Every structure is written in structure tokens, then in C-alpha cells.
Amino acid sequence: MNALRSLLTPRRLATLVLLVGAWCALWGTVSVANVLSGLAIAVGALLVAGGDAGAGSVRVVPLAQFIWLVVVDLVTSTFRVAWEILTPTDYTDEAIIAVDTQIEARHHLLLLVVAITVTPGTAVVDTDPDTGRLYLHVLHAEDSGEIIAHVQRLAELGCRALPVAPAAGEVSS
């Protein structure tokens, strides 16, 4: 029973809900099968990612800002990609860009990767969990400065929304 309680912290539940939501968004529909398979994959991912399940808490305002930013990204990027498809001229200038983030835990990196990959027009190609560096495929290389700043903002909100407890002997600022 104690093991189950350590898995069901507010932070883990929020992460599970976000990951299951992202999974359903990838499939384009919310169904019992998508929710159950997303839940299984999210639980597996969190167990593999490790970490202290009891650490940290959920901060509602940064979490709401993070979710809002992802929803706005979904809507605007969907229209932008649709415009690229429907217009006869190809305005894309594809590139792979490196984005350095200040993530605090692997859970934050996982949340960030899902939020970016679910957005049309961008995909995470590779990550370095030790440094927090992401390699992204983008459709518009000329916007790389804006994209880097936006991804860093998402990372900052994710870290604020799901803070980690300081390590033993570490003083938090």
C-alpha cells in the first residue's frame, strides 16, 4: 500500500494526466483504448525515468500557464502547417537546431519532449538528459531564435509547475 501511495502523489498524477493527454492528442481522439494505452505508456515512462516519487509538489498557476502555452502552440502551429500544405509555394526552410534548457529532473525533460513533439511542425530528434540539450527538427529555420526562447520558456514553466525537492544537504535559494 505504501508503494501505491508513493506512485500516486499529486506531482505524479499531474504528470500522468499530461502524458495521457498528449498521447490522446497524438492519436487525435479521446477513447477508452487511447486513455488506457496512454496510461500504460505514461506509467512505464515514469517508472523507467526513476526519481523520487514523493519529492516536490504541483504548482497550479505555472502548470496552467504551461498547459495554456501548449494549447496555443497546438492551435497556431496547426494553422501554420495547414497553410504550408495548402499554398502552392514551399516556404519551409527545415533545420535541426540545438536548444539548451535548464531542466531540473528527467521528468521535466520528458514533459518538455512530449509538449514539443505533439505540436505540428516540430519534432524532438534527440535529447541529452545529462545537459538538458534538445535537438529539434523545425520547418522554419529563420524562426530558430524565437523557437529556442519559446522552448526555454516551456522548460522553465515545467520546472516551476513540478518542482523537485532539493537534495539532502543542499540549500534551496
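Leaving aside its neighbours within four places in sequence, which residues is T119 in contact with? They are D73, L74 and S77, where contact means heavy atoms within 4.5 Å. This is a predicted model, so local features need pLDDT of at least 70 and side-chain atom pairs count only at pLDDT 80 or more, while totals for chains, interfaces and linings use all residues. Residues are numbered from 1 along each chain as its sequence is written, and side-chain values use heavy atoms, with hydrogens and water left out.

**The sheet**

- Three strands make an open sheet in the order β1-β3-β2, with antiparallel pairing. Strands here are DSSP runs of E with at least two residues, helices are runs of H or I with at least four, and both are numbered from the N terminus.
- β1 and β2 (122-128) sit at the edges with a single partner strand each, so one side of each has no neighbour in the sheet.
- β3 pairs with β1 over six bridges, and β2 and β3 also pair over six bridges. Two strands count as paired if DSSP finds at least two bridges between them.
- Looking across the pairs, V99 stands opposite L134 in β3, and V124 stands opposite L136 in β3.
- From one strand to the next, the twist averages 25°.
- In a regular strand the side chains alternate between the two faces of the sheet. You can follow this along β1: A95, I97 and V99 point to one face and are buried, while I96, A98 and D100 point to the other and are not. Buried means under 20% relative accessible area, exposed means over 50%, and partly exposed is in between (1.4 Å probe, protein chains only).

**Helices on the sheet**

- α5 packs on the sheet and touches β2 and β3, its direction making about 155° with that of β2. Axes are lines fitted to C-alpha atoms, for helices over the stretch in contact, and angles run from 0 to 180 degrees between N-to-C directions.
- α6 lies across β1 and β3, running at about 40° to β1.
- With 12 residues, α5 reaches 16 Å from its first C-alpha to its last, close to the 16 Å expected at 1.5 Å a residue. The expected span is 1.5 Å times one less than the number of residues.
- Buried residues of α5 include H107, L109, L112 and I116.

**Helix α4**

- The 27 residues of α4 should span 39 Å at 1.5 Å a residue, and its end C-alpha atoms are indeed 39 Å apart.
- Among the buried residues of α4 are F66, D73 and S77. The buried residues of this helix pack against α2, α5 and α6.

**The nonpolar cores**

- The largest nonpolar core has 26 residues, and F66, L112, I116, L134, L136, V151 and L154 touch the most other members. Such a core is a set of buried Ala, Val, Leu, Ile, Met, Phe, Trp, Tyr and Cys residues joined through side-chain atoms within 4.5 Å.
- α2 (10-27), α4 (60-86), β1 (95-100), α5 (106-117), β3 (133-138) and α6 (144-161) each supply at least two residues of this core. α6 gives the most, with six residues.
- Another core, of six residues, lies apart from it, and L16, L19, V20 and C24 are among its members.
- Leaving aside its neighbours within four places in sequence, V151 is in contact with V99, T101, L112, I116, L134 and L136.

**Two residues to find**

- T119 lies in the loop between α5 and β2. T119 is buried, with a relative accessible area of 9%.
- R106 is found in helix α5 and is partly exposed, at 45% relative accessible area.
- R106 and D130 are 24 residues apart in sequence, and their C-alpha atoms are 8.7 Å apart in space.
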